[in-house]
Amino acid sequence: MLQDTVFRHWYNPTPEQIASTVPAFLAELGGPTIIHLNGRDNSRCRVMVTLLHGNEPSGLKAIHQLLRLGCQPEVTLLLAVVYVDAALAEPLFSHRFLPGQQDMNRLFTPPFEGCQGAVAKALLEIIREAHPEAVIDIHNTSGEGPAFTVCVEPHTRYLDLATLFTHRLIITGHRLGALMEVSDLGCPVLTVECGGSMQVQSDEVAYQGLTRFITRPQLYTSVALEEMDIYHHPVRLELNEGGQLCYDHEPRLNMDITLPDHIDRRNFGVVRPDTALAWLGPRGIRVLRALDERGEDVIDDLFVEEGGKLYPRTTLKLFMATTNPDIAISDCLLYAVKETDHDWEATADDEADWK
Ligand SMILES: [Zn+2]
């Protein structure tokens, strides 16, 4: 393995060089690593990123399985395994990020400070130098649910990439500092959420999708719009400063909001105005905010309080509902879109650049 200042580079490992178990493979990587594989056509390149979050192993498992099988990709492939340190911290695959550090997928924006900022910056430089046709960034969700993909603008190329993994695509206008938001990489960057890390099917989604990603001669074949479920303009439901939150099967005293234990079962389901979503405490609905893509609080458009419970005001689809209180407090409780918001306004596809 070669080492630049941040990443190790491992060129064309053979199946015999790959440890037989995923934990041993991870330990062998030992830190941020780029695995380079030659393809049949090395004039082109594709990039797969994974483990930006240390507790989301499906992408790494897919890489491990592929390397053990020794399959040759169609074009040059760069596999970036990023936040290995967080994944290695005991218990294995339990830390989204290390204590005292930051969420790695919020750092892909200047000023790139500290060790983690340096990792983000180095990864972007490696991608820019490789001029890939596409970047996919594989994650697991923090709650359970089906797989989906996320991109930052409507463009048919995202549909083509998404369909390698699933028929669900979310187009978000929220800007949080995630890798997929970087707009000058010269190609689409798609986030793939394979489902919960404890769900066997998530590993399967990652493996099958990655296999398609590396073996398809052409990625951009213009999949039919009708084949996709598209969710536009998601709103983030967040807890206001100082709010107390918990998960239970009945309302808990002294809590501002008690969410049902299995709120994640609502992911990608339709919820109508007669469906109670949570129990509210004495502060009522004001303990929550629902931020749209401009950062405006639109809670009264989407939700309503009635009899101490939280209800949708209109028919909604929910996704990324977590059952992890730390993530609910530090990030958000869930995302919601209005059922009617399935519009598609693709940007022009006929310019020289990919956009
Ligand atoms: Zn993640």
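## Cysteines without a bridge

C115 is exposed, because its relative accessible area is 63%, and exposed here means over 50%. Keep in mind as you explore that this is a predicted model.

What about C71? With 29% relative accessibility, C71 counts as partly exposed. How many disulfides does the structure hold? The structure holds zero disulfides. C71 is in no disulfide, and the nearest cysteine sulfur, that of C45, lies 15 Å away. As a reminder, a disulfide is a covalent bond between the sulfur atoms of two cysteines.

## The zinc site

Now let us turn to the metal. Which residues coordinate the zinc ion? The donors are H53 through ND1, E56 through OE, listed twice, and H139 through ND1. Their distances to the zinc ion run from 2.0 to 2.6 Å. Along the sequence, the donor residues follow the spacing H-x2-E-x82-H. E56 and H139 link distant parts of the chain, as they are 83 residues apart. E56 sits in the loop between strand 4 (41–50) and helix 2 (58–69), while H139 belongs to strand 6 (residues 135–141). Both E56 and H139 are buried.

Why is the arrangement around the zinc ion irregular? The four donor atoms subtend angles of 55 to 145°, and this makes the arrangement irregular. To count as tetrahedral, four donors would need all angles between 85 and 135 degrees.

## L69 in helix 2

Find L69 in helix 2. Is L69 buried or exposed? L69 is exposed, because its relative accessible area is 58%, and the cut-off for exposed is over 50%.

Sequence neighbours within four places aside, L69 is in contact with P15 and Y207. You can also look for E16: its C-alpha atom and that of L69 are separated by 9.6 Å, although the two residues are 53 residues apart along the chain.

## Helix 4 and its cover

Helix 4 (residues 114–130) has 17 residues. From its first C-alpha to its last, helix 4 reaches 25 Å, close to the 24 Å expected at 1.5 Å a residue. Right after helix 4 comes H131, which has a positive phi near 45°.

Which residues of helix 4 are buried? They are Q116, G117, V119, A120, A122, L123, L124, I126 and I127. When you look at such a list, it helps to know that an α-helix has 3.6 residues a turn, so residues three or four places apart point the same way. The cover over the buried residues of helix 4 includes strand 2 (8–11), strand 3 (33–37), strand 4, strand 5 (75–81) and strand 6.

Technical notes. Residues are numbered from 1 along each chain as its sequence is written. This is a predicted model: local features need pLDDT of at least 70, side-chain atom pairs count only at pLDDT 80 or more; totals for chains, interfaces and linings use all residues. Side-chain values use heavy atoms; hydrogens and water are left out. Donors are N, O and S atoms within 2.8 Å of the metal (3.2 Å for Na, K and Ca); water is not among the atoms, so sites may look incomplete. Four donors count as tetrahedral if all angles lie between 85 and 135 degrees; four count as square planar and six as octahedral if opposite donors are over 155 degrees apart and all others between 65 and 115; anything else is irregular. Helices (H or I, at least four residues) and strands (E, at least two) are DSSP runs, numbered from the N terminus. Buried means under 20% relative accessible area, exposed over 50%, partly exposed in between (1.4 Å probe, protein chains only). A disulfide is a pair of cysteine sulfur atoms within 2.5 Å. Contact means heavy atoms within 4.5 Å. The expected span of a helix is 1.5 Å times one less than its number of residues.
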